[in-house]
Number of protein chains: 2
Amino acid sequence: MRNIKLVLAYDGGDFNGWQVQPGLPTIQGSLAEAILRMSGEQVLPRGSGRTDAGVHALGQVASFTTGSPIPVPNILVALNDLLPASIRVLEVQEAPAEFHPRRSARAKTYRYRMYREAICPPFLARYVCHHPYALEEGAMQEAARLVVGEHDFTSFAAVDAERAERMRQAQENADEDAPNNVRRIFSSAFSREAAELIYTVRGNGFLHHMVRNLVGLFLLVGKGTVAADEVRRVLQARDRSANPGATAPASGLYLVSVEYG
Amino acid sequence: MRNIKLVLAYDGGDFNGWQVQPGLPTIQGSLAEAILRMSGEQVLPRGSGRTDAGVHALGQVASFTTGSPIPVPNILVALNDLLPASIRVLEVQEAPAEFHPRRSARAKTYRYRMYREAICPPFLARYVCHHPYALEEGAMQEAARLVVGEHDFTSFAAVDAERAERMRQAQENADEDAPNNVRRIFSSAFSREAAELIYTVRGNGFLHHMVRNLVGLFLLVGKGTVAADEVRRVLQARDRSANPGATAPASGLYLVSVEYG
């Protein structure tokens, strides 16, 4: 059996997230269907991680095993012919048998796009979070720096009901490690690109909703509701209810890339 | 009564075109609903012309009459609050009573975007026509120049069944002039912007499907199926069946602007 590694881009607005769900359009489900039509093999491709409904990817990594001898360049063309236009395979390569998109990952980068002008162009509505109100961008930058390093990110994890469900699924599913909320953040910063304020974060892993919950707290810092150094206290609390921020909308979030050793 | 002029941008991919249709999302219908919720008045806004399902606008012009004293800047804010994010009001002004978005128009500009690389980014799939195959762009430029001037564009009009229906509607509807297929084209040219080949055309008016049918013929010229100067013969035939081109997909077409005297 060959282990095929894919790099994917997708418009998350068309899908109910990565993970396959009966009767709903998902990235994993669409990919499984395209592989079935290409090779006749029923496989569930593995991803580097789940993305939620509405979250986009510029470089998600997935893999699947196949007994088919179809050459790598033909896999790229065939899958792009069979997938909807909102999912594109950017790269295909044959990986060692032990390669696993999530377990082998060393780092991931996410980006969050905020459109800052009064009127958001209709062509960007699906691809950004529209935030036209005043923000202290300097304070947000200061807050963003405080999450760099190794921390327990429980205060930025998804709320309990969702986490409990994910822990249950992780225990059921041999493919998943039991949750542990310590993660190392290598970089965390805001930048400006024309009308957009962009948050970019790179780390060795991310909890469910973690980037959107970080952005939610940074927005409160930007509004002046919370001081930048409150981020330290929120981290130390290890409790989602100690974080006054809301989960920022999915439309602004992109999985940019996944790095391997 | 005040005559309110609006400049609109919209993502046509979310709508069944401009014209109101019972039970289907349309630009005109969404705008009528937003006006009703804003002022309590039931009016059908007029547009500078219909756009088809999937066709986008950067600067569509519409107008409606109102007895409400609501100030112009508040109309902009209120309509953008009430409209879906895929339709934005960019400008509002009070126009003279005799202003009519279609009858008063002196010129319109359309743009058609073709994405030329092998893999079309999923975030552009709704906003371009993907054409990764070889094209003789010089021949297309030559063909585009041949439609400049005053011509009978019957060979580029929508096919008969649709035209017959539009003529019937025009006769029923006092707001429409009887069709006449002579139009003046002021400029018609291709340009390159990074991975995109863009056709831009400015004229005093356009028939239903005219820009998409022009692009369809220019694509055959680009492929070498038809010589550039065949455009002259097709124009002279005044017959859609003399035009071997297909109607290019709606997703690449934008109404860029409407000019008034």
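The expected span of a helix is 1.5 Å times one less than its number of residues. That rule gives a quick check on helix α1 of chain A in this predicted model. Helix α1 covers residues 27-39, so its 13 residues should span 18 Å, and the end C-alpha atoms are indeed 18 Å apart, which agrees. On the buried side of this helix sit Ile27(A), Gln28(A), Gly29(A), Ser30(A), Leu31(A), Ala34(A) and Ile35(A). An α-helix has 3.6 residues a turn, so residues three or four places apart point the same way. The buried residues of α1(A) have plenty of partners: they pack against the strands β1 (2-10), β2 (46-47), β3 (56-66) and β4 (87-95), and against helix α2 (72-82). Just past the end of α1(A) comes Gly40(A), with a positive phi of about 75 degrees.

Stepping back to the whole chain, the secondary structure of chain A adds up to 6 helices and 10 strands. A compact globule of 261 residues would have a radius of gyration near 18 Å, and chain A comes in at 19 Å, which agrees. Along the principal axes, the C-alpha atoms take up a box of roughly 60 × 40 × 35 Å. Of the 261 residues in chain A, 38% are buried. Among contacts in chain A with a separation of 6 or more, 73% link residues 24 or more positions apart.

Chain A is assigned two domains, with domain 1 running over 2-95 and domain 2 over 105-260. Their centres, taken over C-alpha atoms, are 25 Å apart. Where the two meet, domain 1 of chain A puts in 14 residues and domain 2 of chain A puts in 12. The domain 1 side of that contact has 8 polar, 5 nonpolar and 1 charged residues.

The contact between the chains is made by 16 residues from chain A and 16 from chain B. On the chain A side, β1 and β4 each supply at least two residues, and β4(A) gives the most, with 3. By class, this side of chain A has 12 nonpolar, 2 polar and 2 charged residues. As for how the copies are arranged, a rotation of 180 degrees with 0.0 Å of shift along its axis lays chain A on chain B, at an RMSD of 0.0 Å. That is the relation of a two-fold axis. The residue of chain A that comes closest to this rotation axis is Phe123(A), whose C-alpha is 4.8 Å away. Both copies use the same surface, since 100% of the contact residues of chain A recur in chain B.

A few single residues are worth a look. Ser68(A) belongs to the loop between β3 and α2 of chain A. Because Ser68(A) has 15 C-beta neighbours inside 10 Å, it counts as partly exposed. Leaving aside residues up to four places away in sequence, Ser68(A) touches Ser39(A) and Glu41(A). Cys129(A) is another matter: 61 residues along the chain from Ser68(A), it is separated from that serine by 42 Å, C-alpha to C-alpha.

Leu197(A) is part of strand β9 of chain A. With 22 C-beta neighbours inside 10 Å, this leucine counts as buried, the cut-off being 20 or more. Beyond residues up to four places away in sequence, Leu197(A) touches Met114(A), Arg116(A), Glu137(A), Phe190(A) and Arg192(A). By C-alpha position, Leu197(A) is 31 Å from Ser104(A), a residue 93 places away in sequence.

Two residues have a positive phi without being glycine. One is Ala194(A), where phi is near 50 degrees. Ala194(A) lies in the loop between β8 (182-193) and β9 (196-203) of chain A, and it is exposed, with 7 other C-beta atoms within 10 Å. The other is His209(B), with a phi of about 70 degrees. His209(B) is found in the loop between β9 (196-203) and α5 (210-223) of chain B, and this histidine is buried, having 21 other C-beta atoms within 10 Å.

How values were computed: Residues numbered from 1 in each chain as written. Chains lettered and ligands numbered in written order. Predicted model: local features only at pLDDT ≥ 70, side-chain atom pairs only at ≥ 80, totals over all residues. Domains from an automatic or database assignment. Contact = placed C-beta atoms within 7 Å. Nonpolar A, V, L, I, M, F, W, Y, C, P; charged D, E, K, R; others polar. Helix = DSSP H or I, 4+ residues; strand = E, 2+ residues; numbered from the N terminus. Buried ≥ 20, exposed ≤ 12 C-beta atoms within 10 Å, placed from the backbone. Least-squares fit on C-alpha atoms with pLDDT ≥ 70 in both. Rg over C-alpha atoms; globule rule 2.2 N^0.38 Å.
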